[in-house]
Structures are given as structure tokens and as C-alpha cells.
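Colleague: Please examine one part of this model closely and describe how it is put together. I should like the order of its elements, their pairing and what packs against them.

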Amino acid sequence: MNTKTDYEELEALARRGRWLSISTVAASGAGHVGGPFSAMDLLVALYFRVMNIRPEEPRWSERDRFILSKGHSSIGQYVVMALRGYLPVEELKTFDKGGSRLQGHPDVTKLPGLDTSTGSLGQGLSVGLGFALGARMRAQKIHTFVILGDGELQEGMVWEALHVAPRYKLGNLTAILDWNGLQQFGWVLAVNEQHRGDRRDPWSGIDLRGIFEKLGWRCIEIDGHDFSQIVPALESAKASGDSDRPTMIIAHTIKGKGVHLTEGKYEWHSKIATKEELRMIAKELRIEEAVL
Amino acid sequence: MKALRDVFGDTLVSLGETNPNVVVLDADLANSTKADKFAKAHPDKFLQMGIAEQNFVGVAVGLASFGFVPWLSTFTVFFTHRAVDPIRMLVAQTKANVKLGAAYSGLLTGLTGKTHQDVEDIAIMRAMPDMTVLAPADAIEGEAIIRWATEFQGPVYLRLARDASPNVFDENYRFVPGKTISLREGSDVLLISTGPQSVRCLQAAELLEGQGISAGVLHVPSIKPVNKEEIVNASEKVKLVITVEEHTIYGGLGGLVAEILSEASPRRVVRFGIEDRWGESAPNEYLLDLFQMSPGRLSERVKKVVG
């Protein structure tokens, strides 16, 4: 069993991950913040606790597969991959720069350790379905995890995959919905509408869990920022790899989570922190070695 | 003489017997595209993905990464219009080993009307980096290209007509990517074409001979890559170059030839094809006459231009 101490380690990694994300984006002058922050705890749990991977051998054929379908959160994935040993943390400085392996959106042809390219929203789950089907047809014990954004859930292609995956009884496929309730611009909040963000949740009032379940997905609903819920949910999904139903982990998250300045604010979808803001953020994230 | 959709189905069945990695993904048109032959022969390698063309492109990319060689089967229009974004980002940009079996290409789609007639696909697909674009003329070339594409590592777009055209090749045919094929030599005019329209060009050239016009026919089965030098050399031998395609004259084969010649050997190029309009529901013969691509109408039009 995991102890509280274990989760403290993951929590510290997630704080460091958030710091590296926002400071890298600030240094490069472009990139996203809100999405990487909402997915950070999920990414840390996957890379540090759940996935069967070999950072020193990124193309290892038996590795679990991972797709960040909301590819604009790439910096979050790069940071966690760097902390896990896929690339030097120093290399994060090249993010979005010419010739870098760290493209604005994940590019599988550039960075070993990525399993596909994403960026145009809504496409990752289909590739994940192909991985899961391929692993099943090759009789390989490989699990595929796909992080979806609730914003990209508006893309029709996601629903094509959601419809077909249960038909192929792919227990070795897990989708994780990073349901942070905000998108780049979206809709204004209605009068008196209560929401964790400052714009309308695109799925407000819609029973997504019921829909996923009716389509044939096994659903687990968690707080996407609580490792004591995230890790067991991911492990349970992985343990049901031989079952006949794919798993949907509905992770309730907060866009910009982890830093007061950014939490629940749609404008932090992509925004550059000032030096003064970075000082405050470093302090809040308990980052001591911050060089500004 | 065999319908190209039957060539598609039969060749895949045969490949399935020798290559354990070949899988076929269908978007619910297998009994039109003849991928159903593969479904019957190799049911465990046939994956019905439903009426969802974007998704099946993504699934194929996943399967390809596990060493499978996925052939996707649907109508041309659903690849190049409905699913072009995943084809671009997931297939072309990652150089995934995915084969797009685009059936019912061009105008001759079996009484479907303009909704299912894709006359823009060459322009779209040849603009895409890392995409190979191929269009066979007859059954023999069709089979050779399907076999070549299956062995080739990387994305392939196969522009496949629905129906049959008379064979112009024999069993000695070998497909070479990029290579153009002279079907007939001529000194007055060179007709450059692709797909089964090349066969109709050959028939038109025979009609023109009786009227004192010497027309050559250059077939371009490999639109991308293409051997530019061969197109330049063939064009320099004649007084006039005419491109003929079952496709819009914007950005397709005519565009390709004009681009090559304007840089390497500037000369007049006349583009025959579909001129900024849509097709309609009608029998093949009607449509070919309407767009002046039947041998008779084409020869008349060539004569006027050469005249």
C-alpha cells in the first residue's frame, strides 16, 4: 500500500513540475499554463507511479503507451518527462526554440518517449484505441493511457473513438478526462451560476459519466488533484487490462491548479507570468532554487 | 479488364495470405469498395470501424506503430475532406506506415452526384509533405501499386477508380515510384494524364491519328514523387502539352506539370479537366462527354486547340 509519505513525494514533484512549466513558458515567451497545471498531478502519477516505462530506453517495445491528447499542454508533459529522466531538465530551456526537440505541440518524430503527435484537438483517443488494439492483437501486456481535455471533448472525432472502443472490448485502454471546466475562451457564466472557473463549464449540467457508461465505458470519478484518489484509480484501470471494457477516469480538476494567481482563471490558458508573479509563484510552490 | 475496386479487394486478399501484418480497416463501405472480400477471407484481420472516418485514421496510426500495415478503405471524398486533419497530423506529419485506399475517385462514382465525387483530392494530397500519391490506370498497374505500397514504409494515398478500364499494361509491368510511362509517342501534341483517364487519352490519340494529328500520351501514375526530368524531356519533343485529368484543373496534375515546365522549360501548357464547377449524378459516359474527357470529345477538343 502507498503511504502518505509516498504521496508527499509525488506532491513535491507536481509542485516542481508546475514551477518548471510556468517558468519555462515565461522564458520562451509563449506556451500554456492553465492546462498543464490541471493535468500535472495526473502526469506525475502516470510517469512516476503507474506506467511501465524505461526512460533510458524510450522506444522499449513493451512500454505502456501514453498520449496527451490535449497537446497544447505539452510543456507539462515535457517537464514531467524531464523530471523522470527522459531528457535533461536543462533542455527545457529550448522549448519552442528553433531546432528544439520540444515543439509547441508534442512531435513524435523529434522527441523519443512520445508515442504520437498531438496538437489538433480530439485525435489522441483514436490513436490510443489503435495502440490498445495493436497490443491485443500482438498479445502484449501493454496498457494505453490517454489524457483528454474537456474542451477537446467538443471535437466530434473523440466521440467516434468513444463509440467504437467498447465494441472491441479494450480493457487495456484508459482515457482520463481532465475536466477543468474552462477552455481558451468559451462562454460567459450565466447570472448567479456557480462554477470553479470564471467562465462557463462546457459540460455544465450534462451527465458525462452516464453517457460514457451507456457507451460501454467503466467509469471512475476522482478528484484529479488528490494523489490518494489518482493513483488507486489509475492502478485499478491498469489492473483491468484483461477485462472487456475500457476505463474512463473522470478527473475533476481546476484549470491553473496549484497557484492562487492562476487557479480557475481562463485567461491563464496561455499567458506569460511577469518576474514579480514568478517570485510569488516560486514562493507558493516552495521552490527554493528559483533563479529569475 | 477488371474493375479497380475488385482489384483492390482481390489484391488485399492475396496480400493477407502472405503478409501477416496486413490489416484492413473499413468505414462501413466494404461491400462497395470490395474490401468485403478481405473481410470474408481474413475476418480476424478485418476491423470494422463504423461510419467514423477521422477515428479510423487514428486507429490505423496506432496499429502501424505495432508493426501492422493498415489499409484503410473508404471513398476518396471521406479521406481528403472529412478526415484530412488526422491524415495530415497523425499520418503525414509522423510518417506513419498507413495506406489510404481511396475508392471511387474522380467523377465516375456510380450515380452518386457531386457529394461523392472528389475532384480536389490530388491538389489536397500532393500539397502534403511526406505523402506519396499514386493513381493507377488499369487493373495490372493497380495490383502492382497496391503490392508496392504495402511493402513501402510510409504514408501512401492510393487514388483508385471505381470501375474497369481496358488494360494498357501486361504482366511484365513493374511499378517504379516517380516514373512516368510513355503509352504512345507523338510529335504534334503530348497528352499528360493519370489514372484511367490515361487510357481514354490513348484512345483519343488513336482517333486523332486518323485525322492527321500525331498525339503522344504520357501516363503519370506517381503524382508524388514524380520524375520531373521525364516530364520535361517528353514535353520538349512536342509543340504543345495538354494535361487531362478527372479532377479540377486547379492544383492537380495540370498544376503539377505547369509548375515543373514553367521552371525548367517554359512553354504553353493547356489544362483539360474540371473547370471550377461540381459534377452531377449521371452515367459514366454522360459525365465523360459533359467534361470532354471521353475519347471522342477529348479528341475533338485537342484538335481545336492544336488546329
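Modeller: The account below concerns a single sheet and the helix that packs on it. Residues are numbered from 1 along each chain as its sequence is written, while chains are lettered from A and ligands numbered from 1 in the order in which they are written. The model is predicted, so local features need pLDDT of at least 70 and side-chain atom pairs count only at pLDDT 80 or more, whereas totals for chains, interfaces and linings use all residues.

In chain B, seven strands form an open sheet in the order E2-E1-E3-E4-E6-E5-E10, and their pairing is mixed. Strands (E, at least two residues) and helices (H or I, at least four residues) are DSSP runs, numbered from the N terminus; two strands pair if DSSP finds at least two bridges between them. At the edges of the sheet lie strand E2 (46-48) and strand E10 (222-224) of chain B, each pairing on one side only. On average, neighbouring strands are turned by 20° against each other, direction ignored.

E2(B) runs parallel to strand E1 (residues 22-26) of chain B, and three bridges join the two. Within this pairing, Leu25(B) has Leu47(B) of E2(B) as its bridge partner.

Helix H1 (residues 4-18) of chain B packs on the sheet and touches E1, strand E3 (69-75) and strand E4 (99-103) of chain B. Residues are in contact if their C-beta atoms, placed from the backbone, lie within 7 Å. The direction of H1 makes about 140° with that of E1(B); axes are lines fitted to C-alpha atoms, for helices over the stretch in contact, and angles run from 0 to 180 degrees between N-to-C directions.

Notes. Two residues are in contact if their C-beta atoms, placed from the backbone, lie within 7 Å.
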